[in-house]
Each structure stands twice: as C-alpha cells, then as structure tokens.
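Student: Could you take one helix of this model and go through it closely, and then place it within its chain and beside the partner chain?

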Amino acid sequence: MDQLLNDFSPGLFIMQAIILVILLFLMIKFAWKPIMNSLTEREEGIQNALDQAENARKEMQNLQADNDRLLKEARAERDAMMKEAREIKDTIIAEAKEEAHEQATILIENAKATIKQEQQAAIAELKKKVGDLSIEIAQKVVRKELASQDDQLRLVEGMLEEVTLN
Amino acid sequence: MTIAKKPIYFLTVLAIVFSSFTAFAGGGETSGKEGQINTQEGINAYIKHHLADSHDFTLFSYTNDAGERKHVGFPLPVIVWTSKGLKTFMSSAFHHNDDGHVVVEKDGVKLAKIHSKIYELEEGAEHVSFDEHHHATNAHKALDFSITKSVMGMLLAGLLMFLGFGSLARGYKKGAIPTGVGRVLEPLVLYVRDEIARPNIGEKHYRKFMGFLLTVFFFIWILNLMGLTPLGFNVTGQIAVTVCLALFTFIIVQFSGNKDYWKHIFWMPNVPIPMKIILAPIEVLGMLTKPFALLIRLFANMTAGHFVVMSLIALMITLKSQFGAVGSTGLSLALALFISVIEILVAFLQAFIFTMLSSLFIGMAVEEHDHH
C-alpha cells in the first residue's frame, strides 16, 4: 500500500484527467455522436426496408389470393352457366317431345274419329243401298209372285201362320 | 472478436523480438556498470524501472567502442510546479540520471530526478542526501505535470482514436457502409454498444453514456496494446491513470443515480428500521469499493502482465548457467511468446471488464424499481 501511494503521481493524475476530459469532449463531438446517429439511422433504414419488403410480400400474397379467388369464381360461374344451359336444353327437348306427343295423339284421335265417322257414313250408305236394292228386288219379286190371286192368298196365309206362331 | 490473425502474430513477434532486444541492450544508469544486466538485483531494478513512468523516451541503450553509454530515443519536456512557480525544461538536462546525482538548477530552483520522480531540493542544499532507506532527506517531491512517457502514450492513444473514429464518422457522410479502416472499427463500436452498454444499462438510458463507455473502452484497450509493443509504454499500469479512470466512472454513476438508487443506499426499502440503519454505512462503503475494485483490477493486471513478460525474458540471463545460452534463450522465448499471446487477450479483457463493470454500475444507478 505504501508502495502504491508512493507510486501515485498527482501530476500524472491531473494530466490524465485533463487529457481524458478533452478526449471525451472531442470524441463525443466528432466521433461518437455522428457514428451513433449514423448507426441508428442505418438500422432504422434497414428495419424500414425489411418492413416494406414484408408488406410488399403480403400485398403480393393478397393479390395472388384475389386472383385465385376471381379465377375460382369465374370457373364456378362458367360451370353454373353450362349446367343451366344443359338443364334448359333438356327441358326444351322434353317439352318439345311432350308437345309433339300431344299433337300426335290429337292427330291420331282426330284421324280415328274421322275414320269412325266415315265408316259409319259408309255403313249407313251401304245399309241404305242394300235396303234400296232389297226393296227393288222385293218389288220385282213381289210383282212377279203376286201376279196371281192364289199366290197372294198363300202369302197372306203364310204370314198369318207366322204371326200365330209368335 | 473479429481481428485478423496476422496482425496478432506480427505484433507478438515484434513485441518479443524488440523486448528481448531491449533486455539485452540494457537500460539506464540504474542497471549497474556499463549498462549490463546480469544479476538478479539488476533485473529486478530494471523491471521496476520499466514499470515506473519515465521522463524520457528511450528505445534502447548501448555502450559504444569508447566505453560511452549511448541512449537511442528522445527527451520529453519536464513541467514542474515548484515553490517558485512553474518550471519547464527538457528531460535531457538530467542526462539519463535517475538516482538524484544530477541536479538541475532552474531560476534558483534545484531539481533532481530519483526513480522517475522529480524532487525539489531544499533551500541551500547542493546535493541530494539519502538516509539508510534511500529516502531523500533534504528534498521533497514537486508537482510534476511533465509530458512523461505515459502522458505521451495517452496523447498518442487519443490521437489514434481521434483519427480512426473521426474518419469512421466522416465515412458515414459518404455512405451508410463504412470503407477502409472503418470496416474494422464499426463492429467494435457495435460490440461495445450491443454487448456492453445495452444489456447492462438498458434500452432506455444507454445512449447518454455511450460517449464515455466507448472512449474509456478504446482508450484502455489501445493503451494496453501499446504496452505490448517494444515502445514499452506502461500507461494502464500507472496507478494514477487507473485512479483517474475509475474516478470518472464513480462521478458519472453518482450523478446519474436516480431517486431509487439513493434510497437503496441510505434507506433500504422493505427491511426493518434497525436493518436500514445498519445497511446504510455498508451501502455507502459499497459505493466506494466498486470504483476502487475497478482501479485496482486494471492496475494490477497490467502491472502483473508486464512483470511476468519481463521476468520470462530475463530467464535467458538467469538460467544461462544451467541451460546454456541457446537453451535459456529458447526457453525464455517460448514462455514469453506464450504469455505475450495471453497478454493480448488480457489487454482486451481488461478494457472489456472495465467498461462492462462501469456500465453495470451505471445501470444499477439508473435502474427503475417497480417492486414497491
């Protein structure tokens, strides 16, 4: 301890204090302050740049997602449209078929009715013709048969017989 | 640590080569006849001489053919405050004498240099007389503001710092990325900021103290490294220098201490009143021991480092009789190289620890307690 105190030089201490104060002042003013400021500035700049890059990346992602969504929507819409078209086509065809069927049925019915009418008309005409013909023939037969008195009587008798039998 | 390997090797080799050279060549007048150092006492005296501050800058000394002692180096200005005011002259006036035999008379004031200290002779005395403990009886120490080797070292370190970091600061004006020397210096600044100041002081307050911490860190580190060069500075091994550095830390800590800090010292919260009274003097003592530990740690480490390196170099002389010239030199070289490499680490470590603890103490002073 004695040795230490003996070695302690007050003059050197004062010189050191003066030098250190001046050095502190000079270094802070001309070196540390500008250096610290520049470092902080640079770090903030880097941080900002990173943040911006991150934001840009996120934005890109959003954009991409939007695009994907739009594409999907478009695809879905197209599918829906196609489906609708198909459905419409099917309905139209079905309706057309039904209508055609109905038309055909009506036509057939009409045809059938006409045929029946014609048939009945033909039958009636035929009946009339046959009747006329029978009467003509009967006239001719009757005229010939009933030329004599006896015949007329036989016929009447025959008829009467039939009536009695009934 | 990102320091290229090459400069360390280079520095080490240089340090070894030159310090061995100085040991061979011998020092001042204290080291026996013809400057030869070949005794244990001579070596001890030489080491002691080296560890002390010096008033002239001597690279090495030798004895020429005519038997004259020659010193290669240059004198430094001596500035002393004496009883008759400020006196200045060059240290060459002492003719490298360090035991008080050469008396310089300056405007009626007689001055002598004894073991690197300037003494003022009392009125009427012509020569310094010593008692049996080799203390001067008729002279007293003068207040010595000389530009000694240590002061020169500090100025040099300051200049280096100012040029290096000044250029780094200017470099930022040209672009955000430093070029040249700045590329090496910037990571060091970042290291001090991110590894020392920020974690210990806290995000909120650290900026205020960056100037002091950076200055102290690089100042100590550069001076420690300069101590490893053959120039033979031992600035951080001067107790006055470490006292001054620690005092600055002490003052800064006390002036930045907040209400909580003082409350924890004088009136410790959350303990019974008798304990508060007992704790106060302990805390006050703790306030003083912290910087004291700082100054002793730095001083002791650097002094010890120089002492060990020089002792190992001296092995080539002390072990010469046992191992022969080649053996002892080889042994001394290997050991000194090993210790010098460790000293390079210690040079950084001590600067780091000093700054670390300073920021820790500052951090304790500015810390905001929210637990009561």
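Tutor: In this predicted model, the buried residues of α3(B) are B:K149, B:S150, B:V151, B:G153, B:M154, B:A157, B:G158, B:M161, B:F165, B:L168, B:A169 and B:G171. In general, an α-helix has 3.6 residues a turn, so residues three or four places apart point the same way. Within α3(B), B:M154, B:A157, B:G158, B:M161, B:F165 and B:L168 are among the residues that count as buried, and a residue is called buried here if 20 or more other C-beta atoms lie within 10 Å of its own. The helix itself runs over residues 149–174 of chain B, 26 residues in all, and from its first C-alpha to its last it reaches 38 Å, close to the 38 Å expected at 1.5 Å a residue.

As for what surrounds it, the buried residues of α3(B) pack against elements of both chains: from chain B there are β1 (56–63), α4 (182–201), α5 (206–228) and α6 (239–256), and from chain A there is α2 (10–145).

That last partner leads to the interface, where 28 residues of chain A are in contact with 34 residues of chain B. On the side of chain A that touches chain B, α1 (2–7) and α2 of chain A each supply at least two residues, and α2(A) gives the most, with 24 residues. By class, this side of chain A has 21 nonpolar, 5 polar and 2 charged residues. Residues 12–32 of chain A carry the annotation "transmembrane region" in an unreviewed UniProt entry, and over those residues the chain is 100% helix and 0% strand, with the end C-alpha atoms 26 Å apart.

Turning to the rest of chain B, it holds 9 helices and 9 strands, and 37% of its 372 residues count as buried. Among its contacts between residues at least 6 apart in sequence, 58% join residues at least 24 apart. The chain is divided into domain 1 (77–146) and domain 2 (150–366), whose centres, taken over C-alpha atoms, are separated by 33 Å.

Elsewhere in chain B, 3 strands form an open, antiparallel sheet in the order β4-β3-β9, with β4 (85–90) and β9 (143–144) as the edge strands, each pairing on one side only. Strand β3 (residues 77–82) of chain B pairs with β4(B) in the antiparallel sense over 6 bridges, and B:L86 in β4(B) is the bridge partner of B:W81.

How values were computed. Residues are numbered from 1 along each chain as its sequence is written. Chains are lettered from A and ligands numbered from 1 in the order in which they are written. This is a predicted model: local features need pLDDT of at least 70, side-chain atom pairs count only at pLDDT 80 or more; totals for chains, interfaces and linings use all residues. UniProt positions are given in the numbering used here, feature names are shortened, and annotations may be inferred rather than shown by experiment. Helices (H or I, at least four residues) and strands (E, at least two) are DSSP runs, numbered from the N terminus. The expected span of a helix is 1.5 Å times one less than its number of residues. A residue is buried if 20 or more other C-beta atoms lie within 10 Å of its own, exposed if 12 or fewer, and partly exposed in between; C-beta atoms are placed from the backbone. Two residues are in contact if their C-beta atoms, placed from the backbone, lie within 7 Å. Domain bounds come from an automatic or database domain assignment. Ala, Val, Leu, Ile, Met, Phe, Trp, Tyr, Cys and Pro count as nonpolar, Asp, Glu, Lys and Arg as charged, and the others, Gly among them, as polar. Two strands pair if DSSP finds at least two bridges between them.
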